[in-house]
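Good morning, and thank you for the time on today's agenda. I would like to take you through one structure, beginning with a metal site and then turning to the packing of some helices.

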Amino acid sequence: MGKKYQFWFATGSQDLYGEECLRVVAEHSAKIVEGLNQSGILPYEIVLKPTLIDNNSIRKTFNDANADENCAGVITWMHTFSPAKSWILGLQEYRKPLLHLHTQFNEEIPYDTIDMDFMNTNQSAHGDREFGHIVSRMGIERKVIVGHWANQEVQKRIASWMLTAIGIMESSHIRVLRVGDNMRNVAVTEGDKVEAHIKFGWEIDAYNITDIAEYVKSVSESDVKALMEEYYASYDILLEGRDEDEFRKHVAVQAAIEIGFEKFLQEKNYHAIVTNFEMLSGLQQLPGLAIQRLMQKGYGFGGEGDWKTAAMVRLMKVMTAGVKDAKGTSFMEDYTYNLMQGKQGILQAHMLEVCPSIADVKPAIKVSPLTMGNREDPARLVFTSKPGKGVATSLVDLGNRFRLLINEVECLPQDIPMPKLPVATAFWKPEPSLEVGAEAWILAGGAHHTAFSYDVTAEQMGDWAAAMGIEAVYIDKDTTIRNFKNELKWNSIYYR
Ligand code: MN
């Protein structure tokens, strides 16, 4: 995050049609790029590149795109016919996200004036099929978006793809800090870290919890005091009968953890962190409020050593950083059900660590005992979450490969108070229904931990998985158990 990413626009043609035609092609491409940039819909700028007409220029453009660290992807479009053998070497050497925008300059056929010259100049329907053929033949993963470039729906799809492309680019250097191993005896949070490095580019490193605890201990009192003032100005305080000074002392422990952890993360360049309530040597409390705030700042998190979910939360934070009016992204856990007919849903929470970016109300600080572990009562933020549609993902390691589960869910309004529950919550109904959604999730081996966001689509997450070369299964309104079981069987052959 923070990089000024751009996307390159590469128009394909050839020199068979003469100078005048190439002049028109360049003019049309410039107008399309200008129109897209001025739409106000795209989160990143598009940069026009000279029209590509032969092997050398194509190869050079793709290699320049590889080398340019701000370039997050190339958008290709064949204005005229462009013999696709000239694209082979460039495509072979290209390593970044590829969008094939299947559009044409004019929206409507000019019935009164159309002649053969017009047809030869405006033949994307023809040229883009030749290009598409070679990309498919070479087995290269790409996105194809069809429609007129000025159409808002087309522009929204380009915008959505751009965010996926940023995810693909940033995914390759996510660094996860482990200051706690996976919770003893837990299976689903485990996985092959070397394979994750190969497949996704993730670096997953362990430190002693005491290393980071030293950073917490060395936080100055004045820094803690300043952050405490921010806390008390930003959040409601739920004393609930506790002594005010004693309460403040508990909150101050989290303030020191937030400052110490963030310093450690920044100095060592990590983007996500996992903790484990069983392994807290040197810390007075399980990081709660502190982790919630770090998540809101864009760090990934996974509880109980769950580095896969921590990296996924970071990935989804990166993919949603450019979204206007974003509603939030968080680590989450399936906790308990409402099975009443007509009210079905899953109550989502964690021991402490839910990101306040998804809060529907002003969060409140609460200090309560932890039912697990042996530390003092941690301070945490409590709130309910926004209603609305979102996507819950779970990345699981099946022993020989990774599978990404993508479930569309709908968060429902949380009207009924739960005064005795000391954690932040969401309540969602999985698509297509609680019964089918949960059955499919379990059949696919999905975890109890998820990375959740209101601001990504299932399509984006599936496209990211495709770019990583891993299996993705969707659980949505079209899911039926019979088909889903077959899909898992077929996939097990394809992805072995
Ligand atoms: Mn958990």
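Which residues coordinate the manganese ion? Please keep in mind that this is a predicted model. In it, the manganese ion is coordinated by two glutamates, E304 and E333, through OE, and by two histidines, H350 and H449, through NE2. The coordination distances are 2.0 to 2.2 Å. Along the sequence, these donor residues follow the spacing E-x28-E-x16-H-x98-H. E304 sits in the loop between β10 (300–302) and α12 (307–320), while E333 belongs to strand β11 (residues 329–338), so this pair ties together parts that are 29 residues apart in sequence. As for their surroundings, both E304 and E333 are buried.

Let me now move to the helices. Two packed helices are described by the angle between their axes and the distance between the axes.

How do helix α9, residues 221–234, and helix α10, residues 244–267, cross? Their axes come within 9 Å and cross at roughly 110°. An angle from 65 to 115 degrees counts as roughly perpendicular, and α9 and α10 are therefore roughly perpendicular to each other. Their crossing is right-handed. On the α9 side, the contact involves D223, V224, L227, M228, Y231 and Y232. These meet a set of residues in α10, among them F247, R248, V251, A252, A255 and I259. By character, the residues of this contact divide into 11 nonpolar, 1 polar and 3 charged.

One residue of α9 deserves a closer look. Is M228, which lies in helix α9, buried or exposed? Its relative accessibility is 5%, and because buried means under 20%, M228 counts as buried. Leaving aside residues up to four places away in sequence, M228 touches R248, V251, A252 and A255. M228 and A255 are 27 residues apart in sequence, and their C-alpha atoms are 6.6 Å apart in space.

Helix α10 also packs with helix α8, residues 209–217. Here the angle is about 120° and the axes are 8 Å apart, which makes α8 oblique to α10. The crossing of α8 and α10 is right-handed. From α8, the contact is made by D211, I212, Y215 and V216; from α10, the residues include A256, I257, G260 and F261. The residues of this contact divide into 7 nonpolar, 1 polar and 3 charged.

Thank you for your attention.

Methods. Residues are numbered from 1 along each chain as its sequence is written. This is a predicted model: local features need pLDDT of at least 70, side-chain atom pairs count only at pLDDT 80 or more; totals for chains, interfaces and linings use all residues. Side-chain values use heavy atoms; hydrogens and water are left out. Axes are lines fitted to C-alpha atoms, for helices over the stretch in contact, and angles run from 0 to 180 degrees between N-to-C directions. Helices (H or I, at least four residues) and strands (E, at least two) are DSSP runs, numbered from the N terminus. Angles under 35 degrees count as roughly parallel, over 145 as roughly antiparallel, 65 to 115 as roughly perpendicular and the rest as oblique. A crossing is left-handed if the near helix is turned anticlockwise from the far one by less than a right angle, and right-handed if clockwise. Contact means heavy atoms within 4.5 Å. Ala, Val, Leu, Ile, Met, Phe, Trp, Tyr, Cys and Pro count as nonpolar, Asp, Glu, Lys and Arg as charged, and the others, Gly among them, as polar. Donors are N, O and S atoms within 2.8 Å of the metal (3.2 Å for Na, K and Ca); water is not among the atoms, so sites may look incomplete. Buried means under 20% relative accessible area, exposed over 50%, partly exposed in between (1.4 Å probe, protein chains only).
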